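Trainee: I would like to learn how to read a model like this one, feature by feature. Where should we start?

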Amino acid sequence: MANLDSSYGDSSLDQSFEHSFVDGDGSSALHNLSRQSSGAGLGSTSSLQLTDDDDENNSDAAKTSYINRRRSAHTQAEQKRRDAIKRGYEELQEIVPTCNTADSVGSQKPSKATILQRSIDYIQYLVQQKKKQEEEVDALRKEVMALKIMKTNYEQIVKAHHNTPGQGQNHLSDQIKFNVFKATMDSLFQTFNASISVASFTELSACVFSWLEEYCKPQTLRELVIDVLRKLNNNQLL
């Protein structure tokens, strides 16, 4: 009997607890528990979404920063290139004399195309001047060589005259000396007239030097004088 009362009491207590839990404050508590559980789940999901958004924002910011750095580097390189070209044109304008004058159209300064064309013309002028100077130097070099040859010839003639034995014993007349000189000069003039061109002074100079180098060498003159003396002797003009 006691057991039945005890069971009945416990059962009544449980039903009373469930009834109070469901109908009274228990319904509110259950609702709060459900909301807390749902809030915890939503908070976790929201936290994950915020983390993904932050990562995406950081990635976009990194890409934007990289693009900006590349754009800035390209801009700086392009500016350096433009500055170098500008300095090159300014140096050309300072070096080339004809670039200091204004264009014929009346602008303040010559255009870049004009500066380039005038620089090309000036370089071609310098090349022509260099070639002309080289030709003049070559002509002067030949002239010096011819003078050295003539000097050597005169020295040998003087030396041979002083070393001639019996000098003064058989005195010759001035007419004989003139005949030797005339015959020698006539022979040289024939070669000179055949070798020299008078089309221009430059060509004349070049021909004279070539003639001196070919016909006025010591050995050539020696053979010429010997031949003249032999002919005069055969003609009894000595």
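Trainee: What share of residues 123-150 is helix, and how far apart are the end C-alpha atoms?

Mentor: This is a predicted model, so take what follows as a reading of a prediction. Over residues 123-150 the chain is 100% helix and 0% strand. The C-alpha atoms at the two ends of that stretch lie 41 Å apart. An unreviewed UniProt entry annotates residues 123-150 as "coiled-coil region", and such annotations may be inferred rather than shown by experiment.

Trainee: How many helices and strands does the protein chain have?

Mentor: The count is 6 helices and 0 strands. Read along the sequence, the pattern is α-α-α-α-α-α.

Trainee: How much of the protein chain is buried?

Mentor: Of the 238 residues, 13% are buried, where buried means under 20% relative accessible area. The accessible surface of the protein chain comes to about 19400 Å², and carbon and sulfur atoms account for 56% of that surface. For contacts, take the pairs of residues at least 6 apart in sequence: 44% of these contacts join residues at least 24 apart.

Trainee: Which element of the protein chain has the highest mean pLDDT, and which the lowest?

Mentor: pLDDT is the predictor's confidence in each residue, from 0 to 100. The protein chain averages 74, and 68% of the residues score at least 70. Among the elements, helix 3 (residues 112-162) has the highest mean, 88. Helix 1 (residues 2-23) has the lowest, 43.

Trainee: Where does pLDDT stay under 50, and how many contacts beyond four places in sequence does the model have there?

Mentor: One such stretch is residues 1-34, with 7 contacts beyond four places in sequence. Another is residues 37-43, with 0 contacts of that kind.

Trainee: How is a pair of aromatic rings described?

Mentor: Such a pair is described by the distance of the centres and the angle of the planes. A search of the whole structure finds 2 aromatic pairs. One of them is formed by phenylalanine 192 and tryptophan 211, at 5.0 Å centre to centre and 85 degrees between the planes. That pair counts as edge-to-face because the angle between the planes is over 60 degrees. The pair links distant parts of the chain: phenylalanine 192 belongs to helix 4 (residues 174-195) and tryptophan 211 to helix 5 (residues 201-215), 19 residues apart.

Trainee: Are phenylalanine 192 and tryptophan 211 buried or partly exposed?

Mentor: Phenylalanine 192 has 26% relative accessibility, so it counts as partly exposed. Tryptophan 211 has a relative accessible area of 10%, so it is buried.

Trainee: What about charged side chains: when can they pair?

Mentor: Side chains of opposite charge can pair when their charged atoms come close. The structure holds 9 salt bridges, including the three that follow.

Mentor: Arginine 81 pairs with glutamate 78, with the closest N and O atoms 2.6 Å apart. Both residues lie in helix 2 (residues 25-95), 3 residues apart, which is about one turn of the helix. Arginine 81 is partly exposed at 44% relative accessible area, and glutamate 78 is also partly exposed, at 23%.

Mentor: In helix 3, lysine 142 and aspartate 138 are 4 residues apart, again about one turn. The closest N and O atoms of their salt bridge are 3.9 Å apart, and the cut-off is 4 Å. Lysine 142 is partly exposed at 28%, as is aspartate 138 at 34%.

Mentor: Aspartate 186 and lysine 182 form a salt bridge with the closest N and O atoms 3.1 Å apart. These two are 4 residues apart in helix 4, so about one helical turn separates them. Aspartate 186 is partly exposed at 37% relative accessibility, and lysine 182 is partly exposed at 42%.

Trainee: Which residues do salt bridges with shared partners join into one network?

Mentor: Glu78, Arg81 and Arg82 are joined that way.

Trainee: Last, a loop residue. Where does threonine 98 sit?

Mentor: Threonine 98 is in the loop between helix 2 and helix 3. Its relative accessible area is 39%, so threonine 98 counts as partly exposed. Isoleucine 115 is 17 residues away along the chain, and the C-alpha atoms of the two residues are separated by 8.6 Å.

Key:
Residues are numbered from 1 along each chain as its sequence is written. This is a predicted model: local features need pLDDT of at least 70, side-chain atom pairs count only at pLDDT 80 or more; totals for chains, interfaces and linings use all residues. Side-chain values use heavy atoms; hydrogens and water are left out. Buried means under 20% relative accessible area, exposed over 50%, partly exposed in between (1.4 Å probe, protein chains only). Contact means heavy atoms within 4.5 Å. Accessible areas come from the Shrake-Rupley method with a 1.4 Å probe; for residues, only the protein chains shown count as cover. Rings of Phe, Tyr and Trp (its six-membered ring) pair if their centres lie within 6.5 Å; planes under 30 degrees apart count as stacked, over 60 as edge-to-face and the rest as tilted. A salt bridge is a side-chain nitrogen of Lys or Arg within 4 Å of a carboxyl oxygen of Asp or Glu.
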